[in-house]
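Let us go through the charged pairs of this protein in questions and answers. Keep the sequence and the model side by side.

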Amino acid sequence: MDQRETMQRVIGILTEALEIRRQVRENPDTEVVISGAVSALLAEALPEIQVPADASAGTVTDIITDALGPAIVRISNCFAFAFTQLAEVHDTGRTDASSADVLRSLSLQFAQGGEVQP
């Protein structure tokens, strides 16, 4: 899964979280169904790891770190990027764009090949 796909999934997760929050506020007694998007993202983004049976604890740690590190960094960067985009709109006091609008704009940006910029 590349950065663009990861970002689109992150945007979907954040959009779902906004919708769940809206539903809970409007209907506090209603049970909200969560889609499992976070689990699906992790299942698709994190690689399968094979560890030799005779590997030491240190070797296992190294194998896991090397295998999971890049995917975890990519996912974290995407969440951080989306957060900063939302925070910047909030901090500037803009009232013409909701959180959903910002996420929609990000989604379009990444659908057109955008990249996470530091």
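Q: Is Arg-104 buried, partly exposed or exposed?
A: This is a predicted model, and the relative accessible area of Arg-104 is 48%. Exposed would need over 50%, and buried under 20%. The value for Arg-104 therefore puts the residue in the class between, partly exposed.

Q: Which residue forms a salt bridge with Arg-104?
A: The bridge has its closest N and O atoms 2.8 Å apart. Both residues sit in helix 4 (residues 99-111), three residues apart, about one turn of the helix. The partner has a relative accessible area of 32%, so the class is again partly exposed. The partner of Arg-104 is Asp-101.

Q: How many salt bridges does the structure hold?
A: Side chains of opposite charge can pair when their charged atoms come close. The bridge between Arg-104 and Asp-101 is one such pair. For the structure, the count of salt bridges is five.

Q: How far apart are the closest N and O atoms of Glu-19 and Arg-22?
A: Both residues lie in helix 1, three residues apart, about one turn of the helix. Glu-19 is partly exposed at 32% relative accessibility. Arg-22 is partly exposed too, at 36%. The closest N and O atoms of their salt bridge are apart by 2.2 Å.

Q: Which residue is linked with Glu-19 and Arg-22 in a network of salt bridges?
A: Glu-19 and Arg-22 form a salt bridge with each other. The network also takes in another residue. That residue is Glu-26.

Q: How many residues apart in sequence are the parts that Glu-44 and Arg-9 tie together?
A: The two side chains meet in a salt bridge at 2.9 Å, N to O. Glu-44 lies in helix 2 (residues 37-45), and Arg-9 lies in helix 1 (residues 3-26). The pair therefore ties together parts whose separation in sequence, in residues, is 35.

Q: What is the relative accessibility of Arg-9?
A: Arg-9 is the residue whose side chain meets that of Glu-44. Arg-9 counts as partly exposed. That class lies between the cut-offs of 20% and 50%. For Arg-9 the value is 26%.

Q: How far apart in space are Gln-3 and Ala-71, C-alpha to C-alpha?
A: Gln-3 is found in helix 1 and is partly exposed at 28%. Beyond its neighbours within four places in sequence, its contacts include Arg-74 and Glu-115. Gln-3 and Ala-71 are 68 residues apart in sequence. In space, their C-alpha separation is 9.4 Å.

Note on methods
Residues are numbered from 1 along each chain as its sequence is written. This is a predicted model: local features need pLDDT of at least 70, side-chain atom pairs count only at pLDDT 80 or more; totals for chains, interfaces and linings use all residues. Side-chain values use heavy atoms; hydrogens and water are left out. A salt bridge is a side-chain nitrogen of Lys or Arg within 4 Å of a carboxyl oxygen of Asp or Glu. Helices (H or I, at least four residues) and strands (E, at least two) are DSSP runs, numbered from the N terminus. Buried means under 20% relative accessible area, exposed over 50%, partly exposed in between (1.4 Å probe, protein chains only). Contact means heavy atoms within 4.5 Å.
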